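Here is a short tour for someone opening this structure for the first time. Keep the sequence and the 3D view side by side as you read.

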Amino acid sequence: MNSRRKFVVDVPQSELDDLRRRIQLTRWPEAECVDDWSQGIPLGIVQQVAAYWAHQYDWRRFEATVNRYPQFIETVDGLDIHYLHVRSKERGARPLLMTHGWPGSVVEFLEVIDPLVDPIAHGGKAEDAFHLVIPSLPGYGFSGKPEAAGWTVERTAKAWDSLMLSLGYSGYLAQGGDWGGMITALIGSQNLGHCKGLHLNLVVVGPPDKSILNSLTDQEKRSLALFTHYQKTGQGYAAIQGTRPQTIGYALTDSAVGQMAWILEKFGEWSSQGFVELYGLDRLLDNISWYWFSRSAASSARLYWHSFAKPTVSQVDIPTACSIFPNEPIQPSKRWAQQRFKNIQYWNHAETGGHFAAMEQPDLFVREVRNGLRGFEL
């Protein structure tokens, strides 16, 4: 029996009322004692966003937006997976699996769905059309929360292949950033015969080999310095989520402002300057509220615990397209990436944007996906 059933986001009013009460009862810490972000996201920003969340933010507006698109829950490898499945009217449309990461969600992709599905109405050509499948990661949003260890990125990659087959796509393309980039690359390295090409906006590779280290370009020196800085000052969240996801989960599930600040910090660090104005408070809070109402702080953090024990950068042979955004903390050079990705057919440095490219720069992201996957045959 097919386990697929339709899904609509409909949060009870009692949950919305509870959120506002929790924000209003927040116990605030004192302000940071520096004038930068070296101690974390500043108090003033968090209080600004919290006030908007409590008094002006409209979740029902967002529900109406996301519910425009067909959503489903389907049991895949024993776990309920939530996903959007939006089909194009173009006869030649190619199926494209798009995977988010942390602290993002399917919310990241909402502004790029229509241009990718209906390109003629959005400045593209019929051959640019895609059927989109956009799943919520295990433990994220309205997907099920794994109750046993083992839901690694490798297992998720295999589950995504099964999901695409269950939807009738014997051949498909895959796209991703953050965890989605890692899972998409693993779909390529597992190469089960169904995925025919990848587009990545986070290109995860191993350490550069000696030939590269002995002849570093200026760009590669900058990339290594950027990554070293990230390891020293920006990786604390990953260490906590990779070792103590349950413990941090208590705080984030109970405190709305705690959950908001934990996520908002990364949007500030990994985006272009002026991130609040860039995204707007509504879009930032759409994504944060997705985590809050699904109570997925601990279960989303566990993906780090499941996956960090045995990290993998296995070789990828299928056709690959890579878009490097300038505010991404990991920016390997093409020759560095070719150590892992053996069939890079598109490589481009985007002019602006960061880690959450689809949400920050939707028009540019759509152009990169179209250009990167153009000509990839199923």
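## Two unusual backbone spots

Let's start with Asp178. In this predicted model, Asp178 has a relative accessibility of 10%, so it counts as buried, the cut-off being under 20%. To find Asp178, look in the loop that runs between strand 6 (172-176) and helix 6 (179-190). What catches the eye here is the backbone: phi of Asp178 is positive, about 55°, even though the residue is not a glycine.

Go to the loop between helix 6 and strand 7 (195-200) and you'll meet Asn191. Asn191 is another non-glycine residue with a positive phi, near 45°. Is Asn191 buried or partly exposed? With 41% relative accessibility, Asn191 counts as partly exposed, because that class covers values from 20% to 50%.

## A cis bond and an aromatic cluster

Next stop is the loop between strand 4 (94-99) and helix 4 (110-117), where Pro103 sits. The peptide bond joining Trp102 to Pro103 is cis, with omega at about 0°.

Trp102 also belongs to an aromatic cluster. Its other members are Trp179, Phe227, Tyr230, Tyr237, Phe267, Trp270, Tyr279, Tyr304, Phe308 and Phe356.

## One aromatic pair up close

How many aromatic pairs turn up in the whole structure? The search finds 21. One of them is made by Trp59 and Phe62. A pair of aromatic rings is described by how far apart the centres are and by the angle of the planes. For Trp59 and Phe62, the centres are 5.0 Å apart and the planes are at 45°, which makes the pair tilted, since tilted covers angles from 30 to 60 degrees.

Both residues belong to helix 3 (residues 59-66) and are three residues apart, so about one helical turn separates Trp59 from Phe62. Trp59 and Phe62 are both buried.

## Where two helices cross

Finally, take a look at helix 2 (residues 43-55) and helix 11 (residues 256-269), which pack with their axes 10 Å apart and at an angle of about 125°. That angle is why the two helices, helix 2 and helix 11, are oblique to each other: it falls between the roughly perpendicular range, 65 to 115 degrees, and the roughly antiparallel one, over 145. The crossing of helix 2 and helix 11 is right-handed.

On the helix 2 side, the contact is made by Ile45, Val46, Val49, Ala50 and Trp53. Helix 11 brings in Ala256, Val257, Met260, Ala261 and Leu264. What kind of residues are these in the contact of helix 2 with helix 11: nonpolar, polar or charged? Ten are nonpolar, with no polar and no charged ones.

Note on methods: Residues are numbered from 1 along each chain as its sequence is written. This is a predicted model: local features need pLDDT of at least 70, side-chain atom pairs count only at pLDDT 80 or more; totals for chains, interfaces and linings use all residues. Side-chain values use heavy atoms; hydrogens and water are left out. Axes are lines fitted to C-alpha atoms, for helices over the stretch in contact, and angles run from 0 to 180 degrees between N-to-C directions. Helices (H or I, at least four residues) and strands (E, at least two) are DSSP runs, numbered from the N terminus. Angles under 35 degrees count as roughly parallel, over 145 as roughly antiparallel, 65 to 115 as roughly perpendicular and the rest as oblique. A crossing is left-handed if the near helix is turned anticlockwise from the far one by less than a right angle, and right-handed if clockwise. Contact means heavy atoms within 4.5 Å. Ala, Val, Leu, Ile, Met, Phe, Trp, Tyr, Cys and Pro count as nonpolar, Asp, Glu, Lys and Arg as charged, and the others, Gly among them, as polar. Rings of Phe, Tyr and Trp (its six-membered ring) pair if their centres lie within 6.5 Å; planes under 30 degrees apart count as stacked, over 60 as edge-to-face and the rest as tilted. Buried means under 20% relative accessible area, exposed over 50%, partly exposed in between (1.4 Å probe, protein chains only).
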